[in-house]
Amino acid sequence: MQLERWGRELRARATAFGPPLESETMPVDADVFLAALLQRGCPLISGVPCSYLTALIDAAIDSKSLRYVGAANEGDAVAIACGAYLGTGWPALAMFQNSGL
């Protein structure tokens, strides 16, 4: 019963940020991606440093409106994002990549 209520609340919050932007259907540069996050009320990004995501990470670090919190592993990134959400009520992004082995 409690899980069903939480599921309904999460779906309601996800739709509260509106439909996807047209630019979300194609690859975008770091500044456009970060602007879309801010537009949806997401002020925090957590992730593991990665050379493939350098532009995005650097832009987030340099931003005065966003906060980037580096993590030691993907599990920590999820925990940081969840903790930020639980503590503030604002959505947070746990950033992952898959460049292979």
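This is a short tour of one protein chain, stop by stop, in a predicted model.

**Stop 1: the whole chain**

Start with everything shown as a cartoon. You should find four helices and three strands. Follow the chain from its beginning and the elements come in the order α-α-β-α-β-α-β. The protein has 101 residues, and 25% of them count as buried. If you look at contacts between residues at least 6 apart in sequence, 52% join residues at least 24 apart.

**Stop 2: helices H2 and H3**

Now select residues 30-39, which is helix H2, and residues 54-62, which is helix H3. How do the two sit against each other? Two packed helices are described by the angle between their axes and the distance between the axes. Here the axes come within 9 Å and cross at roughly 55 degrees. H2 and H3 are therefore oblique to each other. Their crossing is right-handed.

Turn on side chains to see who makes this contact. From H2, pick Ala30, Asp31, Phe33 and Leu34; from H3, pick Ala55, Leu56, Ala59 and Ala60. Sorted by class, that contact has seven nonpolar residues, one charged residue and no polar ones.

**Stop 3: the nonpolar core**

Keep Leu34 on screen and add Ile45, Tyr68 and Met95. These four have the most contacts inside the largest nonpolar core, which has 14 residues. Which elements give two or more residues to this core? They are H2 and H3, the pair from the last stop. H3 provides the largest share, four residues.

**Stop 4: Tyr68**

Zoom in on tyrosine 68, one of those core residues. Leaving aside residues up to four places away in sequence, Tyr68 touches a run of neighbours: Ile45, Ser46, Gly47, Val48 and Pro49. Its list also takes in Ile57, Ala60, Ile61 and Met95. You have already met Ala60 on the H3 side of the helix contact.

**Stop 5: Gly47**

From Tyr68, step across to Gly47, one of the residues it touches. Glycine 47 lies in strand E1, residues 44-47. Is glycine 47 buried or exposed? Its relative accessibility is 0%, so glycine 47 counts as buried.

What does glycine 47 touch, not counting residues up to four places away in sequence? Select Tyr68, Val69, Gly70, Ala71, Ala77 and Met95 to see its partners. Finally, draw a distance between the C-alpha atoms of glycine 47 and isoleucine 80: they are separated by 8.9 Å, although the two residues are 33 residues apart along the chain.

Conventions: Residues are numbered from 1 along each chain as its sequence is written. This is a predicted model: local features need pLDDT of at least 70, side-chain atom pairs count only at pLDDT 80 or more; totals for chains, interfaces and linings use all residues. Side-chain values use heavy atoms; hydrogens and water are left out. Axes are lines fitted to C-alpha atoms, for helices over the stretch in contact, and angles run from 0 to 180 degrees between N-to-C directions. Angles under 35 degrees count as roughly parallel, over 145 as roughly antiparallel, 65 to 115 as roughly perpendicular and the rest as oblique. A crossing is left-handed if the near helix is turned anticlockwise from the far one by less than a right angle, and right-handed if clockwise. Contact means heavy atoms within 4.5 Å. Ala, Val, Leu, Ile, Met, Phe, Trp, Tyr, Cys and Pro count as nonpolar, Asp, Glu, Lys and Arg as charged, and the others, Gly among them, as polar. A nonpolar core is a set of buried Ala, Val, Leu, Ile, Met, Phe, Trp, Tyr and Cys residues joined through side-chain atoms within 4.5 Å. Buried means under 20% relative accessible area, exposed over 50%, partly exposed in between (1.4 Å probe, protein chains only).
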